[in-house]
Amino acid sequence: MENVKNPFLVTGYLSPEYFCDREKETERIISAMDNNRNITLLSLRRMGKTGLIKNVFYYLKKERPFRLLYVDIMATNNMAELVRELGNAVIREEKERSANFLNKLITFLSGIRAKVVFNDITGMPEIEVDYRMPQEAEKGLAALFDYLESQKVKYVVAIDEFQQIVNYAEKNVEALLRSSVQQLTNVNFIFSGSNKHLLMSMFSDYGRPFYQSSDFMFLDRLDQEVYADFILKQFVRFRRTIDKELVLEVLRNYDTYTFYTQFMFNRIFETGVNNITRDLVEHVKENIMLEREYVYYNYRNLLTDNQFNLLRALAKENGFEKYMSKDFLAKYKLGQASSVQRSIKALLDKEMIYEEKGCYKVYDVFFSKWLSV
Ligand SMILES: Nc1ncnc2c1ncn2[C@@H]1O[C@H](COP(=O)(O)OP(=O)(O)O)[C@@H](O)[C@H]1O
Ligand SMILES: [Mg+2]
């Protein structure tokens with residue numbers, strides 16, 4: 001805790017001290033890995049999947065002899081880029097372990113158009129791949145997996161934002177990965193992503209390559225009481241005071257949504273005020289709104305009037321049931337049910353709203369607050 005100035009993280013992961021709960025989930029994932037099963041982790045965006053993976057890795061690193069690879073494939077667009085990311089994860093993990101792993105890796109990659117190069121600036125080895133050759137990328141993936149297989153150790157490979165593979169230029173990625181994943185005997189995977197519908201169908205539709213190849217875990221909100229105690233503890237450690245009731249109020253206000261809660265408390269903590277009052281919380285909240293207003297006005301321009309009005313109605317009602325009543329439509333002058341349905345679909349596609357337990361909600365909780373005043 002020495003160097004930590006603010007215990008409310010909004011990016012990255014440090015240690016379990018700054019990570020609230022998720023104990024059962026962590027155990028479940030570790031157990032799946034111990035028992036040679038793959039697992040798929042799903043949740044809304046910014047609910048804590050990446051954090052959970054990092055928390056799992058924290059314990060695995062301490063307690064198991066496994067080698068751990070983490071790749072976020074959000075920014076990848078094709079197989080070659082996937083190979084590059086995976087290759088770089090291998091390098092990150094192994095560079096300190098064995099002196100001759102690079103030679104081995106180079107041997108495995110030779111014969112395909114991927115090679116290890118040294119970054120000019122950092123001097124670190126990196127994988128370089130030739131993007132113009134899709135078949136080469138396939139071989140590259142096979143070569144990397146061969147390399148993993150050749151090692152007499154167990155690997156845990158976490159692929160974050162996994163749904164991205166359906167956007168790849170190549171259309172056979174799902175099938176290809178599936179067969180590799182099945183063949184590997186010393187590697188288990190954690191697939192993680194937030195596009196629930198897409199991932200669910202990838203893993204549960206009969207006929208899709210990943211059918212029944214993995215356990216599922218849906219990551220829900222943190223328990224409000226547990227989260228409140230965690231937050232209190234962080235303030236106490238820094239000899240600050242805040243009322244539990246006030247903490248709970250913020251949690252209720254932000255729907256116990258992990259990212260928005262962390263962000264609020266990060267900003268509250270930042271004020272340096274020792275005794276946190278309701279007025280201070282209000283003040284911080286207003287500042288956040290003001291900062292973001294520019295972005296929110298811009299959203300206005302990206303949406304049709306109908307979409308925007310619907311969004312505001314959903315914000316004001318703090319979520320609304322899927323099957324909207326005539327009263328709801330009339331109250332917010334939303335017009336025909338059919339055009340509302342179209343707007344719903346557009347807003348879902350743009351990921352401005354999400355559906356949860358039969359309710360539509362605005363994804364960005366701060367935006368939702370802004371819309372509802
Ligand atoms: N259990 C937790 N305790 C404290 N902070 C968390 C927890 N889970 C996630 N966070 C924080 O919330 C934010 C969003 O979490 P993240 O893991 O990035 O979500 P996701 O991967 O689902 O989009 C991050 O800033 C992270 O530090
Ligand atoms: Mg994530």
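Here's a quick briefing on where ligand 1 sits and what surrounds it. The model is predicted. Ligand 1 occupies the largest pocket, and because domain 1 (22–218) and domain 2 (224–372) both give residues to its shell, the ligand lies between them.

**Who's around the ligand**
- There are 21 residues around ligand 1, and the ones that come nearest are Val10, Cys20, Arg46, Lys49 and Gly51.
- By type, the shell around ligand 1 splits into nine nonpolar, eight polar and four charged residues.
- Two helices chip in with at least two shell residues each: helix 2 (49–63) and helix 10 (258–270).

**Polar contacts and cover**
- Lysine 49 uses its side chain: an N or O atom there is 2.7 Å from an oxygen atom of ligand 1.
- Glycine 51 goes through its backbone, with an N or O atom 2.8 Å from a ligand 1 oxygen.
- Methionine 47 also uses a backbone N or O atom, and this one lies 3.3 Å from an oxygen atom of ligand 1.
- On its own, ligand 1 has 560 Å² of accessible area, and the protein covers 90% of that.

Terms used
Residues are numbered from 1 along each chain as its sequence is written. Chains are lettered from A and ligands numbered from 1 in the order in which they are written. This is a predicted model: local features need pLDDT of at least 70, side-chain atom pairs count only at pLDDT 80 or more; totals for chains, interfaces and linings use all residues. Side-chain values use heavy atoms; hydrogens and water are left out. A residue is near a molecule or strand if one of its heavy atoms lies within 4 Å of it. A polar contact is a pair of N or O atoms within 3.5 Å; within protein, one must be able to donate a hydrogen and the other to accept it, and residues adjacent in sequence count only if both atoms are side-chain atoms. Accessible areas come from the Shrake-Rupley method with a 1.4 Å probe; for residues, only the protein chains shown count as cover. On a 1 Å grid over the protein atoms alone, a cavity is a set of points where a 1.4 Å probe fits but cannot get out, and a pocket is an open set with protein on both sides within 12 Å along at least five of seven lines; lining residues have an atom within 4 Å of a point. A molecule sits in a cavity or pocket if more than half of its atoms lie within 2 Å of its grid points. Helices (H or I, at least four residues) and strands (E, at least two) are DSSP runs, numbered from the N terminus. Ala, Val, Leu, Ile, Met, Phe, Trp, Tyr, Cys and Pro count as nonpolar, Asp, Glu, Lys and Arg as charged, and the others, Gly among them, as polar. Domain bounds come from an automatic or database domain assignment.
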